Structures are given as structure tokens and as C-alpha cells.
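Please walk me through the inside of this protein, beginning with its nonpolar cores and going on to its cavities and its salt bridges.

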Amino acid sequence: MTHRPSLHLTRQAAFCLVLLFLCFACARQQPAQPSGAKGFSLQPHEAGQRIDVLVDGKLFTSYRYPSDLYKPVLNPVIAANGRPVTRGWPYEPRAGERTDHPHQVGMWLNYGDVNGLDFWNNSNARKPEEKHRYGTIRHHQVTGMRQSGKQAELEVSMNWLRPDSVVLLREDTRFVFSGSGNTRIIDRITTLTAQQQDVFLNDNKEGFFAIRVARELEHPLAKPAKYTDSGGKEIDLQQGDPAITGRYYSSRGIEGEDVWGTRAEWVALKGAIGGEPVSLTIMDHPQNVGFPTYWMARGYGLFSANPLGQKVLSDGKEELNYKLLAGNAVTFTYRLLIVSGEEQNTGQTTAAFKAFSDTYRK
């Protein structure tokens with residue numbers, strides 16, 4: 001006679017399968033640790049459309065995806081000494097800040113010409129009749145969260161949308177947050193996959209991996225100028241303002257604003273905030289398209305690596321026009337290294353670049 005399993009055992013087996021699935025899911029996406037946890041931890045705030053990254057319970061940065069911003073960003077970014085290295089405006093304006101370029105918020109990745117659409121310059125400042133020329137990047141979902149104390153990892157997916165909401169690119173990004181002592185590190189590994197049509201990343205100077213820095217890290221002015229602060233007041237900028245301390249240094253030995261339109265493996269922006277030295281170094285990975293990247297680094301506070309906009313940045317000597325066939329993908333890997341409280345010399349930065357290159361080498 002054939003023995004048939006009892007209903008009780010069948011239900012028990014089903015329960016075990018569900019339990020195993022939940023265990024696997026928890027291993028993939030761990031719940032956030034309490035804000036007082038030691039080391040690196042992640043704290044989701046779904047209602048606030050952000051995920052906080054904490055170090056010993058203190059804010060390091062937040063992954064933000066508000067509906068009034070046309071791309072997800074990391075904002076603010078805070079050095080180990082507790083001082084923000086990103087501009088506060090428009091979400092948390094600070095006295096004396098510039099209010100130009102409303103699309104330059106925190107740290108982000110996007111581009112100025114994707115199938116003829118401008119994803120870089122989109123903001124609430126654009127008039128409704130202009131919107132057909134701009135693309136939008138929307139957060140889709142969190143696909144993974146891991147934290148070990150020594151570092152935290154956040155995996156997210158986003159959609160690069162046409163104005164009619166057709167998805168041109170699916171973005172899958174892994175952020176790795178780490179560092180110790182006076183060092184903080186953000187690694188961004190971003191894979192872009194073309195969806196139902198070929199995608200053309202046409203040669204354009206507006207891109208690609210960028211950060212808008214705090215007022216103190218802007219370059220000293222070569223001549224007087226004016227700007228409008230967050231209170232709507234027109235400010236006279238004079239030469240020799242002691243609060244403005246930034247200076248660029250590239251791996252190729254180029255300094256100051258002359259790094260704009262040059263290639264380099266890395267560029268460091270050094271200055272002081274609150275009287276303490278601080279340096280921000282963006283590193284390009286050897287396996288990225290266009291390595292070593294061109295730099296669109298500006299004295300007013302835009303610090304950007306752009307491997308795709310070669311025509312303008314090379315003054316017409318080179319041109320890329322990168323094409324991604326439907327269904328194909330490309331990955332870009334970058335690191336932001338923040339050191340506060342002490343000077344970071346070239347030898348230390350070169351060693352850090354080698355470590356970064358080796359970590360993500362395939």
C-alpha cells in the first residue's frame with residue numbers, strides 16, 4: 001500500500017521552505033542596525049526617500065531619491081571630522097554659498113547627451129516647455145544591503161527615463177562605504193544596461209561622475225566676481241578671500257584649474273574647512289571606458305570625471321561617441337577618498353590609487 005504524507009507534514013515542509021527563503025533574503029538584505037551601532041551601518045527612511053550611512057552612529061552620507069530631484073544622489077557627504085565637504089544648497093543651505101547650477105547636488109553620476117536627451121542639467125529650474133529635452137533618473141528599488149561594521153554596502157537599481165517614461169537604461173549600482181580614523185571612502189560600481197533600443201552616449205562635456213564641493217574648497221578667484229547666495233543676496237567675491245582654499249592636483253603633475261580638459265588617473269582637491277586640512281580625491285579605474293579619464297573640474301566647485309566627453313575636453317583632438325547596443329551593458333567604477341585633519345601627499349594618494357585599482361580588477 002502506498003504511503004501518502006499527512007497534511008501536517010506537507011504544511012511543515014512548506015513552512016520550512018518559506019523559512020529557508022526568508023533566511024536567504026535576510027542574508028542578502030540585512031536590517032539596519034540601530035543608530036548607536038559601532039562602525040558602518042545603514043538606516044533606511046522610506047518616508048524620507050533616503051538611506052542614511054552611519055559611522056559609529058554619526059551621519060557619513062545619505063543616498064537620497066526625492067521626487068523633486070531628477071536623479072538619486074549622495075548628499076551630504078561628511079568628512080571624518082564631522083565637516084560637510086559638499087555644498088549644502090538647495091536642501092540644507094549654508095551662509096555664503098553660491099546658488100548656481102541647481103542640478104549639482106551632492107555626489108552623482110549622469111550624462112549630458114543620452115540619445116539626444118540631457119540628463120545632466122535637469123532640475124526644477126527647467127520650464128515645462130523645455131522638459132521634452134531632458135531625461136530623468138528614478139530610483140527603482142534597493143536590491144541589497146550589507147554591513148559588517150568595517151564597511152557597509154548598498155545596492156540599488158535605477159531607471160534612466162525619456163520624457164515619455166520609456167526606459168533607456170537600467171542602472172545597477174553598488175556603493176561600498178569604508179574607511180577608518182580620519183579617512184572615509186565611497187566606491188561606486190555602476191552598470192548601465194541598454195533596454196529595448198540602442199543607446200548613444202554622444203560626446204558631451206556635461207558628465208559623468210561628479211561632486212559639488214563646499215564653499216571652502218572652491219578655487220581662489222583670479223579676478224573679482226559676483227554671485228547670489230541662498231538668501232537671494234548678491235555677494236561680491238574678492239581676490240584673496242581667506243575662506244576659499246581649494247586647489248586641484250592631478251596624477252600627471254598638473255595643478256589648479258589647468259586640470260580641466262586633461263587626462264589623469266586621479267585628481268585630488270585639497271584645501272581647509274574650519275582651519276583643518278581636507279582632501280578629496282576622485283580615482284578612475286583602469287578598466288573603465290576612456291581610462292585615464294578627462295576631468296571637467298571647475299574652480300566654482302564642480303569636481304567631475306568625464307571619460308565620455310572627449311571632443312570638447314581635448315579641444316577637438318579626440319572624439320568617442322560611445323554606443324551601447326540593446327541588451328548590452330557597461331560598468332564604471334570610481335572611488336572618492338576623503339582625508340581630513342592632515343595633509344595627504346602624492347605618494348600616499350598613488351598608493352591608495354593602486355589599492356583601489358587592485359580591489360576591483362577583474
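The paragraphs below take up the cores, then the cavities, then the salt bridges of this model, which is a predicted one.

The largest nonpolar core contains 61 residues, and those with the most contacts inside it are Leu280 and Phe303. If neighbours within four places in sequence are left aside, the residues in contact with Phe303 include Phe209, Tyr248, Leu269, Leu280, Ile282 and Trp295. Apart from this core lies another, made of twelve residues, among them Ile189, Ala268, Leu337 and Tyr360.

A search of the whole structure for cavities of 30 Å³ or more finds two, and the second largest has a volume of about 30 Å³. Strand E15 (266–273) and strand E16 (276–284) are the elements that give two or more residues to the lining of this second largest cavity, and E16 gives the most, with three residues. The lining of the second largest cavity divides into two nonpolar, three polar and three charged residues.

Charged side chains also pair up elsewhere, and the count of salt bridges comes to 22. In one of them, Glu92 pairs with Arg64, with the closest N and O atoms 3.9 Å apart; because Glu92 lies in the loop between strand E4 (73–77) and strand E5 (107–111) while Arg64 lies in strand E3 (residues 58–64), the pair ties together parts that are 28 residues apart in sequence. Another salt bridge joins Arg87 and Asp100, at 4.0 Å from N to O. Arg87 counts as buried because its relative accessibility is 3%, whereas Asp100, at 22%, counts as partly exposed. Finally, Arg146, Glu153, Glu155 and Arg174 are linked in a network of salt bridges.

Notes:
Residues numbered from 1 in each chain as written. Predicted model: local features only at pLDDT ≥ 70, side-chain atom pairs only at ≥ 80, totals over all residues. Heavy atoms only, no water. Core = buried A, V, L, I, M, F, W, Y, C linked by side-chain atoms within 4.5 Å. Buried < 20%, exposed > 50% of the residue type's maximum accessible area, 1.4 Å probe, protein only. Contact = heavy atoms within 4.5 Å. 1 Å grid on protein atoms, 1.4 Å probe; cavity = no way out; pocket = protein on both sides within 12 Å on 5 of 7 lines; lining within 4 Å. Points joined across faces, edges and corners; volume = space filled by probe spheres on them. Helix = DSSP H or I, 4+ residues; strand = E, 2+ residues; numbered from the N terminus. Nonpolar A, V, L, I, M, F, W, Y, C, P; charged D, E, K, R; others polar.
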